[in-house]
Amino acid sequence: MISKFRSKRVEFNGEVFDSKFELTYWLYLQELVKQNKITNLQRQVKYELLPRQTDTIGKFLYHPVYYFSDFEYDDIQGVHKTIDTKGILTSEFRLKQKLFYYVFNRKIECVKLKDAKKDELFKEIYKKMNKYFKCSGE
């Protein structure tokens, strides 16, 4: 399925990713784990930004608002990172980014493909994944 921003969900090793870029960045981060450059790598960590809303007598008004990070890890200095791979920064994402900072006092770091391609290891993985998708017919 192609989203309104032309990203296509992909499956790789039984896991579903929102885009080829997100999958490639995941593989890149896994390589950094192998090189002991990051630790505690996770995907799709769920955060509640706003709880379920009710009126004064407890009647339901609004569903809770959640943010799911693309990736989480600790860098070699022990700093926890929340990462989102983005092609386009939507107004919905910008709002969630602000709420996330307000609730958790941490920033969400956005990684764009053009910036990721500046890293040689990422570029190498990106080229391999492009070949993989061409061969698999994706």
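This passage describes the surroundings of aspartate 74 and the sheet that holds its strand, in a predicted model.

Aspartate 74 is found in strand β8, which spans residues 71–75. The residue is buried, yet has no salt bridge. Arginine 106 carries the nearest side chain of opposite charge, 8.2 Å away. A salt bridge requires a side-chain nitrogen of Lys or Arg within 4 Å of a carboxyl oxygen, so the arginine 106 side chain does not qualify at 8.2 Å. A polar partner is present instead: the side chains of aspartate 74 and asparagine 40 are joined by a polar contact of 2.5 Å. Beyond its neighbours within four places in sequence, aspartate 74 is in contact with Ile38, Thr39, Asn40, Val79 and His80.

Strand β8 belongs to an open sheet of four strands. The order is β3-β8-β9-β10, and the pairing is mixed. The edges are taken by β3 (38–43) and β10 (108–111). Each has a single partner strand, so one side of each is left without a neighbour in the sheet. From one strand to the next, the twist averages 30 degrees.

Strands β8 and β9 (residues 80–85) pair in the antiparallel sense, over four bridges. Within this pair, aspartate 74 stands opposite histidine 80 of β9. Histidine 80 is also among the contacts of aspartate 74.

Two helices accompany the strands. Helix α1 (residues 20–34) packs on the sheet and touches β3, β8, β9 and β10. Its direction makes about 150 degrees with that of β3. Helix α2 (residues 91–104) lies across β9 and β10. Helix α2 runs at about 150 degrees to β10.

Methods:
Residues are numbered from 1 along each chain as its sequence is written. This is a predicted model: local features need pLDDT of at least 70, side-chain atom pairs count only at pLDDT 80 or more; totals for chains, interfaces and linings use all residues. Side-chain values use heavy atoms; hydrogens and water are left out. Buried means under 20% relative accessible area, exposed over 50%, partly exposed in between (1.4 Å probe, protein chains only). Lys and Arg count as positive and Asp and Glu as negative; His and the chain ends are not counted. A polar contact is a pair of N or O atoms within 3.5 Å; within protein, one must be able to donate a hydrogen and the other to accept it, and residues adjacent in sequence count only if both atoms are side-chain atoms. Contact means heavy atoms within 4.5 Å. Two strands pair if DSSP finds at least two bridges between them. Axes are lines fitted to C-alpha atoms, for helices over the stretch in contact, and angles run from 0 to 180 degrees between N-to-C directions.
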